[in-house]
Amino acid sequence: MPEQTLPLKDIKPIVAVPDHSLWLLLALVAAALLLLALLGYWLLQRRRKGGDPKRAEALKRLQALDFSDTKSAVYDFSLLGHFVATPETESSFRALLAELEPYKYQKSVPALDTALEARLRDFIKEARRG
């Protein structure tokens, strides 16, 4: 049986469709990298200029602590110390917090131990330096 080839009707040849999706993806990735670089530069500049404003405010308030009001001083130190503690001083800060526990959660508290008060002041001085 001879093969017959019929002419194709209603079938059009392949047409090239312009596709820019790869270029759009590359442009988005480049824009994201540029934004990340700018954000990193901005954060670095901000850190170099004035440091963390929360840390500066916390340090200022810590230096002005009134140790004659024991309860207030203990709570303020516990709250503000987190902002000024560095990874190097974190362990000493946690030790101080543990020592301050007897001065919390009570209606009336005794005056701070002079040695503990001196360690708190030393921590604040250390935080001011570094």
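## Close-up views of a predicted model

**View 1. Val109 and the residues it touches.** Once neighbours within four places in sequence are set aside, Val109 is in contact with Thr70, Lys71 and Tyr103. This view, like the others, comes from a predicted model. Where along the chain should you look for Val109? You will find Val109 in the loop between α4 and α5. One of its partners, Thr70, is 39 residues away from Val109 in sequence, yet the two C-alpha atoms are 7.2 Å apart in space. Is Val109 buried, exposed or in between? Its relative accessible area is 21%, so Val109 is partly exposed; the buried class is kept for values under 20%.

**View 2. Ser78 in helix α3.** Let us now turn to a residue within a helix: Ser78 lies in α3. Ser78 has a relative accessible area of 9% and is therefore buried. What does the side chain of Ser78 reach? It comes to 2.9 Å from the backbone oxygen of Val74. The side chain of Ser78 also makes a polar contact of 3.0 Å with the side chain of Lys104. Lys104 appears again in the list of residues that Ser78 touches, together with Phe93, Leu97 and Leu100, when neighbours within four places in sequence are left out.

**View 3. Helices α4 and α5 side by side.** Here two helices pack against each other, with their axes 11 Å apart and an angle of about 150° between them. How are α4 and α5 arranged relative to each other, roughly parallel or roughly antiparallel? They are roughly antiparallel, because an angle over 145 degrees counts as such. The crossing of α4 past α5 is left-handed. On the α4 side, the contact is made by Ser92, Phe93, Leu96, Glu99 and Leu100. The α5 side brings Leu116, Arg119, Leu120 and Phe123. Sorted by type, the residues of this contact are 6 nonpolar, 1 polar and 2 charged. If you have just come from View 2, Phe93 and Leu100 may look familiar: both are among the residues in contact with Ser78.

**View 4. Thr86 in a loop.** Our last stop is Thr86, placed in the loop between α3 (70-84) and α4 (90-100). Is Thr86 buried or exposed? Its relative accessibility is 18%, so Thr86 counts as buried, since the cut-off is under 20%. Which residues does Thr86 touch, if those up to four places away in sequence are not counted? They are Arg55 and Gly130.

How values were computed: Residues numbered from 1 in each chain as written. Predicted model: local features only at pLDDT ≥ 70, side-chain atom pairs only at ≥ 80, totals over all residues. Heavy atoms only, no water. Helix = DSSP H or I, 4+ residues; strand = E, 2+ residues; numbered from the N terminus. Buried < 20%, exposed > 50% of the residue type's maximum accessible area, 1.4 Å probe, protein only. Contact = heavy atoms within 4.5 Å. Polar contact = N/O pair within 3.5 Å; in protein donor to acceptor, adjacent residues only side chain to side chain. Axes fitted to C-alpha atoms, helices over the stretch in contact; angles between N-to-C directions. Parallel < 35°, antiparallel > 145°, perpendicular 65-115°, else oblique. Left-handed = near helix turned anticlockwise from the far one by under 90°. Nonpolar A, V, L, I, M, F, W, Y, C, P; charged D, E, K, R; others polar.
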